[in-house]
Amino acid sequence: MLEQEVDDKGTDQDEAQNMLKTLRDQGFDGSDENLAIALGRTIEQVRAMISGAEIIDDDVVMKVRGIALHRGIAIE
């Protein structure tokens, strides 16, 4: 399942997880809560995605890329 592509850019779960962590750490001062609010997800969902316990879908990846672009954060 981790090798499955998340989006049309070929992003896999490992890459998506790294993007999520980078955005949290650089854009939200490491706050799972603030990242969850920005993504429209629960804190539990964000923590599960970052830990690898929950699959990261294309909607999350798209939002992560958009927020990072808006904030000038290089995530890829």
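This is a stop-by-stop tour of one predicted model, with a selection to make at each stop.

**Ground rules**

Residue numbers start from 1 along each chain as its sequence is written, and side-chain values use heavy atoms, with hydrogens and water left out. Because the model is predicted, local features need pLDDT of at least 70 and side-chain atom pairs count only at pLDDT 80 or more, while totals for chains, interfaces and linings use all residues.

**Stop 1: the whole chain**

Show the protein as a cartoon. Expect 4 helices and 0 strands. Helices (H or I, at least four residues) and strands (E, at least two) are DSSP runs, numbered from the N terminus. Read from that end, the elements run α-α-α-α.

Switch to the C-alpha trace. Along its principal axes, the trace spans about 30 × 25 × 15 Å. The radius of gyration is 11 Å, which agrees with the value near 11 Å for a compact globule of 76 residues. That radius is taken over C-alpha atoms, and the globule rule is 2.2 Å times the number of residues to the power 0.38.

Now the surface. About 4600 Å² is exposed, and carbon and sulfur atoms supply 46% of it. Accessible areas come from the Shrake-Rupley method with a 1.4 Å probe; for residues, only the protein chains shown count as cover.

Colour by charge. The protein has 8 positive and 17 negative charges, and their mean positions are 5 Å apart. Lys and Arg count as positive, Asp and Glu as negative; His and the chain ends are not counted. Each charge is placed at NZ of Lys, CZ of Arg, CG of Asp or CD of Glu.

**Stop 2: the core**

Colour by burial. Of the 76 residues, 41% are buried. Buried means under 20% relative accessible area, exposed over 50%, and partly exposed in between (1.4 Å probe, protein chains only).

Select the largest nonpolar core, which has 20 residues. A nonpolar core is a set of buried Ala, Val, Leu, Ile, Met, Phe, Trp, Tyr and Cys residues joined through side-chain atoms within 4.5 Å. Those with the most contacts inside this core are Leu20, Leu23, Leu35, Leu39 and Val64. The elements giving two or more residues to the core are α1, α2 (32-39), α3 (43-51) and α4 (58-71). α4 gives the most, with 5 residues. In soluble globular proteins, nonpolar side chains tend to be buried together.

Turn on contacts, meaning heavy atoms within 4.5 Å. Among contacts with a separation of 6 or more, 51% join residues 24 or more positions apart.

**Stop 3: α1 from the inside**

Select leucine 20, in helix α1 (residues 13-27). Leucine 20 is buried, because its relative accessible area is 0%. Not counting residues up to four places away in sequence, leucine 20 touches Leu35, Leu39, Val46, Met49, Ile50, Ile56, Val60 and Val64. Draw a distance to arginine 65: the two C-alpha atoms are 45 residues apart along the chain and separated by 9.1 Å.

Add glutamine 17, also found in helix α1. Buried or exposed? Glutamine 17 is buried, with a relative accessible area of 14%. Beyond its neighbours within four places in sequence, glutamine 17 contacts Met49, Ile50, Ser51, Gly52 and Ile56.

**Stop 4: the α1–α2 loop and α2**

Go to aspartate 29, in the loop between α1 and α2. Its phi is near 50°, a positive value in a residue other than glycine. Aspartate 29 is exposed, at 76% relative accessible area.

Select leucine 35. Setting aside residues up to four places away, leucine 35 touches Leu20, Leu23, Arg24, Phe28, Val46 and Ile50.

Then pick isoleucine 37 in helix α2. Isoleucine 37 is exposed, because its relative accessible area is 60%. Its C-alpha lies 12 Å from that of valine 60, 23 residues away along the chain.

**Stop 5: α3 and its end**

Which residues of α3 are buried? Select Val46, Ala48, Met49 and Ile50. Their cover includes α1, α2 and α4.

Glutamate 44 is also in α3, but is exposed at 57% relative accessible area. Just after α3, glycine 52 takes a positive phi of about 95°.

**Stop 6: α4**

Finish at methionine 62, in helix α4. Methionine 62 counts as exposed because its relative accessibility is 57%. Measure to asparagine 34: the C-alpha atoms are 17 Å apart in space, and the residues are 28 apart in sequence.
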